[in-house]
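Subject: Handing over the structure

Dear colleague,

I am passing this structure on to you, and I would be glad if you could open it and keep it beside you while you read the notes below.

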Amino acid sequence: MEHSIAIELKGITKRFGQTVANRNVDLDVRRGEILAILGENGSGKTTLMNMIAGIYYPDEGKIFFNGKEVIIRSPHDAFEHKIGMIHQHFKLVDLFTAAENVILGVHEKGGYDLKSVNERVSQIAQKYGFHIDPKKKIYDMSVSEKQTVEIIKVLYRGADILILDEPTAVLTPKESDQLFDVLQRMKEDGKSIILITHKMNEVLAVSDRVAVLRKGEHVATVNTKETNQSELTELMVGKKISLNIERTMPIETKKRLIVKGLKVSNIDGRKVLDDVSFHANGGEILGIAGIAGSGQRELLEAISGLQKIDEGEITFINPKKNKPVTFFHKSLQTVKDLAAQNAFHTESGHPVSFEGMPSKQIKKWVEAGEILFNEDEIINLRDKTPLQIRELGVRLSFVPEDRLGMGLVGSMGIADNMMLRSYRKGKAGFLDRRRPRQLADEIIKRLQVSTPGSSTPVRRLSGGNVQKVLVGREIAFSPKVFMAAYPVRGLDINSSYTIYELLNQQKKNGVAVIFVGEDLDVLLELCDRIMVINSGKISGVVDARNATKEQLGMMMTKSTEDHAKEMV
Amino acid sequence: MNVWLNFLVDSLAFGATFIYGSTGEIITEKSGHLNLGIPGIMCMGGAGGCYMLNLIGQSNIHPALIVLFGICASFTAAALMGLIYGFLTITMRANQNVTGLALTTFGAGLMKVIMSKLDATVYLVGPRMMFRWPFAHRQDALQTLGVMFFLAIVLAIGASWVLYRTKVGLQLRAVGENPATADAVGINVTKYKYVATSVGAGIAGLGGFYYIIDYMASQEAYLSLESLGWLSIALVIFVLWRPHMTIIGSTVFGFLFSCSSYIANIEGITVTMAAKPLLKMLPYVVTIIVLIISSIRNKRENQPPASLGLPYFREER
Amino acid sequence: MKNKSSSPKEPLVHLTKRMDISPLCALGVRVLAFLFGMIICGLVAFLLIERLNDNPERIGEFYQCFIKGPFSTRRKLWKFLKNSAVLLCIALALAPAFRMRFWNTGAEGQTLVGVLGAIAVNFYLGGKIPEWQLLVLMLFASLLCGAIWAIIPAVFKAKWGTNETLFTLMMNYVATYLVSYFLVVWVPNGSSSLGKLSHGKLPSFYHDYLLIILIVLGLTILLHIYLTHSKHGYEISVVGESENTARYVGINVNRVIIRTMLLSGLLCGLAGYLIGAGLDQSITPNSVGGQGFTAIMVAWMAKFNPFAMVITSSLISALGQGAEQISQDFNVSGAFPDVIIGIVLFFIIASEFFINYEIHFHKRHNMAKEVLKG
């Protein structure tokens, strides 16, 4: 073999508390090759690479560098063995120029000469075909430029083995292609490249070999030339495992939430949602599958009024047909206006007209519940704040991904957290703690939350119990739409099943449930329909009862262009 | 003409107090630590130096050595205060504002206790002329400028040079901007923070010493020292965290502060007594305006160091 | 080369954030820190006080001063209660802002302009209108001035994110010189000292200080209710904990910032009124005397809990008064109390570390094992 082995891992195991992130992994990396590490979210790819880069230290196993056993305890040790890793979250000082960031922490002989550093950075860039201005400040840079700085930082320290963690997650297709050209050139230069990814097209296009990880274990390493997409997908997702999650057939589904042509950009101005259109029905669970960071969070936040929307519409259909009008969310004037538009009828079916009628009389009728809607109410949710959405009478529950940083207040007890949504109720300036406390006790009892009491800060509860509190609160609010982002992440089996059960109950109550998940087995058994999101675009909606894991895996990982081609 | 020259030189000389204080505070803040203990530190710098002079002021040691010992003692006393601050905020991760305020209470109090025990005829009367070297015997405006004035200028320019032209400075600024990044590339964050808070405090302390022994050269001077410490913190904002600019900034501050006593002597300008406090208020008002404008313009280079006031704990992601 | 890279770099001590500590344990740590601080104070006193150094047996007397100073006579006791009350009032004013993580370092100035407002009204209207009207007008002026001083930085913080610590700090000195300015205007003879005004004094029941003490105690209870039982107080806690959560539940963060600083300013204004109308009937640039800064530490030590502030403010003023007694009895500088307070504060500040963090010591043999394995 002309390609000698650069690094070899033998029997690497890493545990975090009870969970095993990597189990008995053997792996070798050769000189002058691009090795792709493929796996689903949480399959242990990043953890494994972090052990080579000196971020973590393995519990068991050995690492060999050029055939000699080495101990890597810090990024500094890794650099001594010419290993450098480019993390997903860039570690750069925004205020500094590219060159200044590159030399931070580098021990060099000779004085501090920024000019020569600038030159050397330019040289490295030229050698591998990067485009970078060493004097440009990081805060002026695009994401891809920042990534380039990270790569140069590693090269400047003389790295021969480069680990890139999901490098294309933040790049446009064109930028990705440029990056791959650079990687190719580095490979020709004799460097080893390890590419952590879950994008199938990238794997097939640039890698020489693919190592597949599943649930922390090394499943197989194959030569890219001798494999194909479906084989890799199967290796990656594995055989379907039956979970026995209860699922009922949806009854009388009705459109509840309609999203049309939604476009959202993040702070950097990069598109995170591109032309997203779908609808969620009452009485069913709509699953959202996708690689983490494909736009799921932004989608849910846009619906709940926490994201700025560039384009598109979000419409909520309030199932009010033949239901009485109330003053709960409407003023007398709105009721009058609606009546003028012929929106109401009486119990006996006659149309309602309030013309010339005194307000007192109208109030009396409405309060008696005698005025009914003709049709469902259609409410536009675009550009509304969460508070405005609630004031419009849209009961929208949202269990965010960041439970303690967004959904709950960690330092408050369960009872006080119950109030987050409802504390404004009532005209008095003081809090009504009686009802939240009752609700807290109810949730503790019903969902079996293990806590010393309803005033214990939720920060001190275990992950499963925190989630029960959050989901319990959002359900107590009797929603019409219930959205949950990764509601079972980090939960033990029992708590997970409690959550599934709660979601099913909501479905039976006619709620439109939107479930963002990462475990395909769960999505396939729990949901009625599954929508797959891929780099901010919808790659399709499938019937969960007939879909297969491979099918979803393909939809999640295929590049959107390939997909578009197939559709044509 | 002479009045104006005196006025300028006096502003410069007065301003040197702030050059020390602000340069020290800038070095501290660049490591991500807002040290509100600067007034107390300057007090202790003054007390430390005077204490040393009280020991050796009338001995036969060469005047240059007396000056040197005074400066060293002042620096050491203030740096020790910085070390207390550093220990509490870096190792013990205490709230920086509260620690700083406690340090000011302690330093200002301790200085007054110490100074009340010293003999002004020993620490002041003899040594004060030594500090005026090399212009001690001139009769013109230059007479008020001495060794420590020039030391202030050198330190301010030197601090700028270190911060913006050396690797150490670059890494220090990285620590103050983003300690997690600095840590990841192998910079010893704790070491940088300790050195910056101690050296910064030491330099600031020299300001107190200079004010007592040189600029004011009076035994009552220490009573007004604390308020100058706060002005030094204002100056840091005024010059947007650039040490060399303190030379100009402090002159402006010195000008505004001392012009009330000169202004009445200048022909053609009549100022009521009431204008005095308003002139003294100006440095703070201008500082506030600078702070507001820089936050509205939101230019990245003019902002306080990004991690200012936040303790760094590696395990906290 | 190889040896160097494989040498273990694990630090000996490992820290983790403590999730929880029992209140009793936390109190124990603080009491212990306080006692340590007092011991150090004794040692420092040996260095600073010649009379103690010459007669070490007087150390008992030294510590007795801390009781004698604030509690030995009726007059001293009243003075202690008054000092604690004023300090507590300013600390109470800071509590809402600090709970929101708005670092208001400007209590000194906000209180001083409160005094200024009251005295200005008193100066111009004293004797011209009935006394009760004068007192009411003085109150309004105090509240208004305090509120203005607090709301300016709040608006800039809310709109442009202007650093509030530095802004409020600078506002203190603007206030100081504003007072000097008015003194020059009011007292043109050059002495710049305004004597005690003959009008605008709060009525006295039983004792001159009683009313003030009762007002502040009432305020403590009211503020406790506001912070823990009102919707506003709830919003303050949510914003302080996480702005993201606040947004998620639809709280207008900017409005909460401005409203809370308004309250903070009003309460500082009230503290100024108590000083101006209740105690001094006069003003100097030093009328607040650094209590605005001390109050920051009082509030912080009490973790912004109004009832705990009653204890911390009493502790600080007792320490101060005790140390004053030492200054008298042992003939040291009047600045000695600051030294004592500073030292005790250092220890209490340091004790927070043991409450917030858990310290794990690595066992040597574990490390050795790992090296062998590697």
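A residue is called buried here if 20 or more other C-beta atoms lie within 10 Å of its own C-beta atom. Please keep in mind throughout that this is a predicted model.

With that cut-off, the buried residues of helix H13 of chain B are B:Lys276, B:Pro277, B:Lys280, B:Pro283, B:Tyr284, B:Thr287, B:Ile288, B:Leu291 and B:Ser295. An α-helix has 3.6 residues a turn, so residues three or four places apart point the same way, and you may like to read the list again with that in mind.

How far apart should the ends of H13(B) be? At 1.5 Å a residue, its 23 residues should span 33 Å, and because the C-alpha atoms at its ends are 32 Å apart, the expectation and the model agree. The helix H13(B) does bend, by about 35 degrees at B:Leu282, and the proline B:Pro283 follows within four residues of that point. After H13(B) comes B:Asn298, which has a positive phi, near 55 degrees.

The next topic is where chain B touches chain C, a contact in which 42 residues of chain B meet 42 residues of chain C. On the chain B side, at least two residues come from each of the helices H3 (63–91), H4 (96–115), H11 (225–238) and H13 (275–297), and it is H13(B) that gives the most, with 13 residues. Sorted by class, this side of chain B has 28 nonpolar, 9 polar and 5 charged residues.

Turning to chain C by itself, you will find 16 helices and 2 strands, and a C-alpha trace that spans about 90 × 65 × 40 Å along its principal axes. Of its 374 residues, 49% count as buried, and among the contacts in chain C with a separation of 6 or more, 78% are between residues 24 or more positions apart.

Two packed helices are described by the angle between their axes and the distance between the axes. For helix H6 (residues 107–125) and helix H7 (residues 131–160) of chain C, the axes come within 7 Å and cross at roughly 145 degrees, and the crossing is right-handed. Among the residues that make this contact are C:Gly109, C:Val113, C:Gly117 and C:Val121 of H6(C), together with C:Leu134, C:Met138, C:Ser142 and C:Cys145 of H7(C). By class, the contact of H6(C) with H7(C) has 14 nonpolar and 8 polar residues, and no charged ones.

With best wishes

Notes
Residues are numbered from 1 along each chain as its sequence is written. Chains are lettered from A and ligands numbered from 1 in the order in which they are written. This is a predicted model: local features need pLDDT of at least 70, side-chain atom pairs count only at pLDDT 80 or more; totals for chains, interfaces and linings use all residues. Axes are lines fitted to C-alpha atoms, for helices over the stretch in contact, and angles run from 0 to 180 degrees between N-to-C directions. A crossing is left-handed if the near helix is turned anticlockwise from the far one by less than a right angle, and right-handed if clockwise. Two residues are in contact if their C-beta atoms, placed from the backbone, lie within 7 Å. Ala, Val, Leu, Ile, Met, Phe, Trp, Tyr, Cys and Pro count as nonpolar, Asp, Glu, Lys and Arg as charged, and the others, Gly among them, as polar. The expected span of a helix is 1.5 Å times one less than its number of residues. The bend at a residue is the angle between axes fitted to the seven residues ending there and the seven starting there. A residue is buried if 20 or more other C-beta atoms lie within 10 Å of its own, exposed if 12 or fewer, and partly exposed in between; C-beta atoms are placed from the backbone.
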